[in-house]
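Dear colleague,

I am handing over the structure below, which you have not worked with before. Please look through it first, and then read the notes that come after it.

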Amino acid sequence: SKDITPQAFEANMMRLVCERGEMGDLNVGTMIISKAVFDTLACMGMITRRFDEGILNYLIDSGYIRYENKKNIRKDILDPLEKYFFVKTKYGDYGEQIYQLHDEMTRLVQEHVWRYRDPSEKERKALLSSVIKYYDHLLASTKDEDLKKDLRIERLYYTFKLDQFFQPLREDGKRLWFEL
């Protein structure tokens, strides 16, 4: 209809994407997108800094991504994301391969996918809290001071993001900010 607004069209299209994605029945091009790919897409919309195979495995182990076969992560999850969902691949300062959603795809995932799959926002809060724990683990396991500095800044970003969505700035965020 010519009376539909661009915002209403976007919302309707994303509702269909969410419904199909949650069922593991999202058809893009010549491929059906699995629940694991859709879950990863949703997580990437919230984890916008250091998304690599380490955090992907962590999210699978933590139950945020429904995926049984951890042998073919590259082929089963990352390749379809790069091919169909505007995922960019880059190399970090330490040679690690980092995956990042295009900004517009991130916006769509945050505005539509998360509202659809998690109206109470409990899962989003749990995801961000888990990411902060993941960073705590990374910080504890690295000796490289330059990398630790980067990790602290990224951890602070997620602390602020958690605060932004769920509460006024907590003491943890203030403390981290002043430490940096």
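What follows is a short account of the charged and aromatic side chains.

Please keep in mind throughout that this is a predicted model.

I began with the charged pairs. Side chains of opposite charge can pair when their charged atoms come close. In this structure the count comes to 16 salt bridges, and a few of them are described here.

One of them joins E19 to R15, with the closest N and O atoms 3.0 Å apart. Both residues belong to helix 1, which covers residues 6-23, and they are 4 residues apart, or about one turn of the helix. E19 is partly exposed at a relative accessible area of 28%, and R15 is also counted as partly exposed, at 38% relative accessibility.

Another salt bridge is formed by the side chains of E22 and R117, at 3.3 Å from N to O. Since E22 lies in helix 1 and R117 in helix 5 (residues 103-117), this pair ties together parts that are 95 residues apart in sequence. E22 and R117 are both buried. R117 also lies over the face of W114, at 5.6 Å from the ring centre, and so R117 appears both in a salt bridge and over a ring.

A further salt bridge links E121 with R124, at 3.6 Å from N to O. Here E121 counts as partly exposed, with 27% relative accessibility, whereas R124 is buried, with a relative accessible area of 4%. Elsewhere, E10, E104, R107 and E111 are joined into one network by salt bridges that share partners.

I then turned to the aromatic rings, where the structure holds 4 aromatic pairs. In the pair of Y134 and Y135, the ring centres are 6.3 Å apart and the planes stand at 90°, so the arrangement is edge-to-face. Y134 counts as buried at 9% relative accessibility, and Y135 counts as buried at 0%.

The rings of Y157 and Y158 are likewise edge-to-face, because their planes lie at 80°, with the centres 5.0 Å apart. Y157 counts as partly exposed at 25% relative accessibility, while Y158 is buried, with a relative accessible area of 0%. These four tyrosines, together with Y58, form one aromatic cluster. The charged end of R49 sits over the ring of Y157, 3.9 Å from its centre.

With best wishes

Notes. Residues are numbered from 1 along each chain as its sequence is written. This is a predicted model: local features need pLDDT of at least 70, side-chain atom pairs count only at pLDDT 80 or more; totals for chains, interfaces and linings use all residues. Side-chain values use heavy atoms; hydrogens and water are left out. A salt bridge is a side-chain nitrogen of Lys or Arg within 4 Å of a carboxyl oxygen of Asp or Glu. Helices (H or I, at least four residues) and strands (E, at least two) are DSSP runs, numbered from the N terminus. Buried means under 20% relative accessible area, exposed over 50%, partly exposed in between (1.4 Å probe, protein chains only). Rings of Phe, Tyr and Trp (its six-membered ring) pair if their centres lie within 6.5 Å; planes under 30 degrees apart count as stacked, over 60 as edge-to-face and the rest as tilted. A charge sits over a ring if NZ of Lys or CZ of Arg is within 6 Å of the ring centre and within 35 degrees of the ring normal.
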